[in-house]
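Biologist: Could you walk me through this model at an easy pace?

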Amino acid sequence: MATNGTSTTNGGPNKVFLIWGGEGWVAGHLKELLQQQNEKVFTTTVRMENREAVIAELDRIKPTHVLNCAGCTGRPNVDWCEDNKEQVIRSNVIGTLNLTDCCFLKNVHCTVFATGCIYAYDSKHPPGGEGYLEADPANFGGSYYSATKSKVEELMTTYSNCLILRLRMPVSDDLHPRSFVTKISKYDRVVNIPNSNTILHDLLPCAILLASAGDTGVYNFTNPGAISHNEVLALFKKHVRPDFEWKNFSEAEQSKILKAGRSNCELNSDKLAKRMQDFGVQVKDVHTAYDECFQRMKANGVK
């Protein structure tokens, strides 16, 4: 199994980025960031599981770095995956491995935007206690989506060209339909459980730094700490929508309306924070990051 470190793939001045899943939400943010940095960037929607097409696209673009934002999360949510397991495997397992393998054969660094929704609180990792480390074995298989993600991650760590970033409940500075804040603000009722979150404004620039440096292995890609649903919505109410109200319900009540279970956990992001210090970057704690995110929303006229 590959250890965390630096890849021998291209990381020199003539970088060429190719974003897979190029029409997606996270992909759009990455493309904009790379363009702002005057990097050479391309996007593609080629299916990851189509080996011949993947190889042809790599030969056509000749990237030094692939950023894999593609995959199947389900619409409107992960419950969809329970009834479409073959499609989930085709994309999230076969496709992800195929793209990583093709990049390996072409000596291309591959960053995979993965998920940290492979853990659940337990006696050793209770809410408010110790967070899960990158090396901790996955312990949540309550949804088919999460079950496939944990299995494919274990296989991907074999590849010496692969950087795996575990996002959780990602949030953007707008009310995009895929943003965690947008989702919970539209629910009739929400649970109130502390979780690790990924504030894209803060962390996507870190992804570019890690990829450019040729880092490999697994990173818990979340802002330090955990924040509850109620804390998030209280900050949303404070800064963005003063008349916003919400109601809570229990996990037991929630389970009655869901087809699949949901991961609730805190990831330990010390490794990411320490590595970012090498670049002179401080990763803000999740409460500060959310507060600033909502202030940016307000300043941009988001309501």
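Here are a few questions and answers, moving from the whole chain to two of its helices.

Biologist: How compact is the chain for its 303 residues?
Modeller: Happy to start there, and please keep in mind that this is a predicted model. Its secondary structure comes to 10 helices and nine strands. The globule rule gives 19 Å for 303 residues and the radius of gyration is 19 Å, so the chain is as compact as a globular protein of that length.

Biologist: What share of the residues is buried?
Modeller: Buried here means under 20% relative accessible area. Of the 303 residues in the chain, the buried share is 52%.

Biologist: And what share of the exposed area comes from carbon and sulfur atoms?
Modeller: The chain exposes about 13800 Å². Carbon and sulfur atoms supply a share of 50%.

Biologist: Does helix α4 have the expected span, or what distance separates its end C-alpha atoms?
Modeller: Helix α4 covers residues 144–156, which is 13 residues. At 1.5 Å a residue it should span 18 Å, and this agrees with the distance between its end C-alpha atoms, 18 Å.

Biologist: Which elements cover the buried residues of α4?
Modeller: Those buried residues include Tyr145, Lys149, Glu153 and Met156. Among the elements that cover them are α3 (85–105), β5 (109–115), β6 (162–167) and β8 (215–220).

Biologist: What do the buried residues of α7 pack against?
Modeller: Helix α7 spans residues 229–239, and its buried residues include His229, Leu233, Phe236 and His239. The buried residues of α7 pack against α5 (180–186), β7 (189–190), β9 (247–248) and α10 (286–299).

Notes
Residues numbered from 1 in each chain as written. Predicted model: local features only at pLDDT ≥ 70, side-chain atom pairs only at ≥ 80, totals over all residues. Heavy atoms only, no water. Helix = DSSP H or I, 4+ residues; strand = E, 2+ residues; numbered from the N terminus. Rg over C-alpha atoms; globule rule 2.2 N^0.38 Å. Buried < 20%, exposed > 50% of the residue type's maximum accessible area, 1.4 Å probe, protein only. Areas by Shrake-Rupley, 256 points an atom, 1.4 Å probe, with all protein chains shown as cover. Contact = heavy atoms within 4.5 Å. Expected span 1.5 Å × (residues − 1).
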